[in-house]
Amino acid sequence: MEDILKDFARWVKSKGLQSKVPTDIDTLANLSILDLSKCKLRELPPSIGFLPNLMVLKLSNNRLSELPKSIGNLKKLKNLQCENNLLTALPNSIGGLESLMILNLNGNRLKKLPQEFCKLTSITRLTMAANMIEELPSEMKKLKKLLYFSLDTNNLDSLPEIFGDMRSLYYLDLSYNNFTTLPASIGQIEELETLLLEGNEINDLPSLEAHDMLIKLNLNDNNISKINFDLEALEDLQILTLDNNELEYLPDNICKLKKLNHLSVSANQLKELPKCIGELENLLELDIEENEIKEYPDSFTKLTKLKNLYINDNSLECPNLPNLEFCDLA
C-alpha cells in the first residue's frame, strides 16, 4: 500500500498539484476529501483508487475521457463529482462503489451505462444531464433510495419500467429527450414533488393522479392536445406550465387546484378559459400569450391575488384587478 501511495504522490508532484493535494504518505492514507477539479487533467493514475479513506472525490471541469478501473476500490467514497469532462464510458468497476450516495456525471459524452452501474444501491442523488445517453438498463430499478434524478438533455426515446420502487424520489427531470410516451411506473412514485418533462414529443401522459405531493409540473414544448388524467388529484400543485403544446381547452377540474399560484399555457390553441377559473384563489401569475382567446370568463374578476398577467397575441385587454402589478399590454 505504501508503494502505491508513493506512486500517487509522485503523480501529484509531476502535475504540479502540491498546493491542492498533500504528498505525505500518512496524510494520503487518511485523506477523506480530494479536490482535483479545474486542473486540466486528461487522465488519472491507477493509484488514485488506493486512497483507503477517501469519501469525497471532485474531478469536475477537466478533460478526462475515462476513469481508471481502480476507482471501484474506493469503498468509502460517498460523493463523486465528474461534471464537465469528456467521459465516453464508465468502467464496470464503478459498481464497487458500495457507499456512493451522490454522483454527478453532467456534461459528458456517455451513451450508455454498464450493467454494474445498477449495483450502486446506496445512491440518493444522480445527475446525468447533457450527455448522449440512448438507453438505461432495466436493472436501474434497484436504485430504490434515489431522491433526486436528473436525465435532462440526452438522446432517450424510451425508458424501462424502473420507477416502481423509487418510492422516495422527490425530483425527476426528463426534459429535452425524445420521449413520446412515458413508463407507467412514473405514476407509482409516491413522494414526487417536481416533475420536469419539457422539450420532448409527449402526446400521451401516464396517469399522474397518485402524485398528490407534486408541487411543480413542467410539460412545456411537447405535443399534448388534452389533459386526460384527473388534475384535481394534484392537490398540492403550485406551478403548472404547459407552454407550446396543442391544447384547445383546459379541463374544468384545473379550477380545483386551490394551491396553484403559477399557470402558464402560452402558445397553444385555446379559444377560451374555463368558466370556473376564478376559483384559483391563490393564482399569482397567469400566462396565456399566443392563443385565440377573445374574452375573459365572468369569474376572472375573482382572481384577486393575481399580480402578473401575460395576454399578448390574443384579443384581450388588461383587466381591472385589485392586485395586478404587471400586464404585458399596459
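**Charged pairs, loops and a buried leucine**

Lysine 142 is partly exposed, with 42% of its relative area accessible. This residue makes a good starting point for a tour of the structure, which is a predicted model. The side chain of lysine 142 forms a salt bridge with glutamate 139, and the closest N and O atoms of this pair are 3.2 Å apart. Glutamate 139 is partly exposed as well, at a relative accessible area of 25%. That value puts glutamate 139 in the middle class because a residue counts as buried under 20% and as exposed over 50%.

A wider view helps to place these details. The secondary structure of the protein consists of 2 helices and 14 strands. Along the principal axes, the C-alpha atoms fill a box of roughly 80 × 40 × 25 Å. Of the 330 residues in the protein, 50% are buried. The exposed surface of the protein comes to about 15200 Å², and carbon and sulfur atoms supply 43% of it. When contacts between residues at least 6 apart in sequence are considered, 21% of them join residues at least 24 apart.

Charge is the next theme. The protein carries 35 positive and 50 negative charges, and the mean positions of these two sets lie 11 Å apart. A patch of negative charge is found on the surface, where Glu134, Glu135, Asp157 and Glu201 gather. One of its members, glutamate 135, is located in the loop between strand E5 (125-127) and strand E6 (148-150). At a relative accessible area of 49%, glutamate 135 is partly exposed. Glutamate 135 does not count as exposed, because that word is kept for values over 50%.

Opposite charges also meet directly: the count of salt bridges comes to 6. One of them joins glutamate 2 to lysine 6, with the closest N and O atoms 3.5 Å apart. Where do these two partners sit? Both belong to helix H1 (residues 2-14), in which they are 4 residues apart, or about one turn of the helix. Glutamate 2 is partly exposed, with a relative accessible area of 47%, and lysine 6 is partly exposed too, at 34%.

Another salt bridge connects two loops. Here the side chains of glutamate 292 and lysine 271 meet, at 3.4 Å from N to O. Glutamate 292 belongs to the loop between strand E12 (285-287) and strand E13 (308-310), and lysine 271 to the loop between strand E11 (262-264) and E12, so the pair ties together parts that are 21 residues apart in sequence. Is each partner buried, partly exposed or exposed? Glutamate 292 is partly exposed at 40% relative accessibility, whereas lysine 271 is exposed at 52%.

These loops also hold some notable backbone angles. Most residues other than glycine have a negative phi. Alanine 267, which is not a glycine, nevertheless has a positive phi of about 55°. The home of alanine 267 is the loop between E11 and E12. Glutamate 290 likewise shows a positive phi of about 55° without being a glycine. Glutamate 290 lies in the loop between E12 and E13, and it is partly exposed, with a relative accessible area of 44%.

Two nonpolar residues round off the picture. Methionine 101 is placed in the loop between strand E3 (79-81) and strand E4 (102-104). With a relative accessible area of 34%, methionine 101 is partly exposed. Which residues does methionine 101 touch, leaving aside those up to four places away in sequence? The contacts of methionine 101 are Lys78, Ser122, Ile123, Thr124 and Arg125. Asparagine 223, by contrast, is 122 residues from methionine 101 in sequence and 36 Å from it in space, C-alpha to C-alpha.

Leucine 219 is found in the loop between strand E9 (216-218) and strand E10 (239-241). Its relative accessible area is 2%, so leucine 219 is buried, the cut-off being 20%. Beyond residues up to four places away in sequence, leucine 219 touches Leu197, Leu205, Ile224, Thr241, Leu242, Asp243 and Asn245. Leucine 219 and leucine 103 are 116 residues apart along the sequence, and their C-alpha atoms are 26 Å apart in space.

Notes
Residues are numbered from 1 along each chain as its sequence is written. This is a predicted model: local features need pLDDT of at least 70, side-chain atom pairs count only at pLDDT 80 or more; totals for chains, interfaces and linings use all residues. Side-chain values use heavy atoms; hydrogens and water are left out. Patches are made of residues with over 30% relative accessible area and no salt bridge: like charges are joined within 9 Å, nonpolar side chains (Val, Leu, Ile, Met, Phe, Trp, Tyr) within 5 Å. Accessible areas come from the Shrake-Rupley method with a 1.4 Å probe; for residues, only the protein chains shown count as cover. A salt bridge is a side-chain nitrogen of Lys or Arg within 4 Å of a carboxyl oxygen of Asp or Glu. Lys and Arg count as positive and Asp and Glu as negative; His and the chain ends are not counted. The place of a charge is taken as NZ of Lys, CZ of Arg, CG of Asp or CD of Glu. Buried means under 20% relative accessible area, exposed over 50%, partly exposed in between (1.4 Å probe, protein chains only). Contact means heavy atoms within 4.5 Å.
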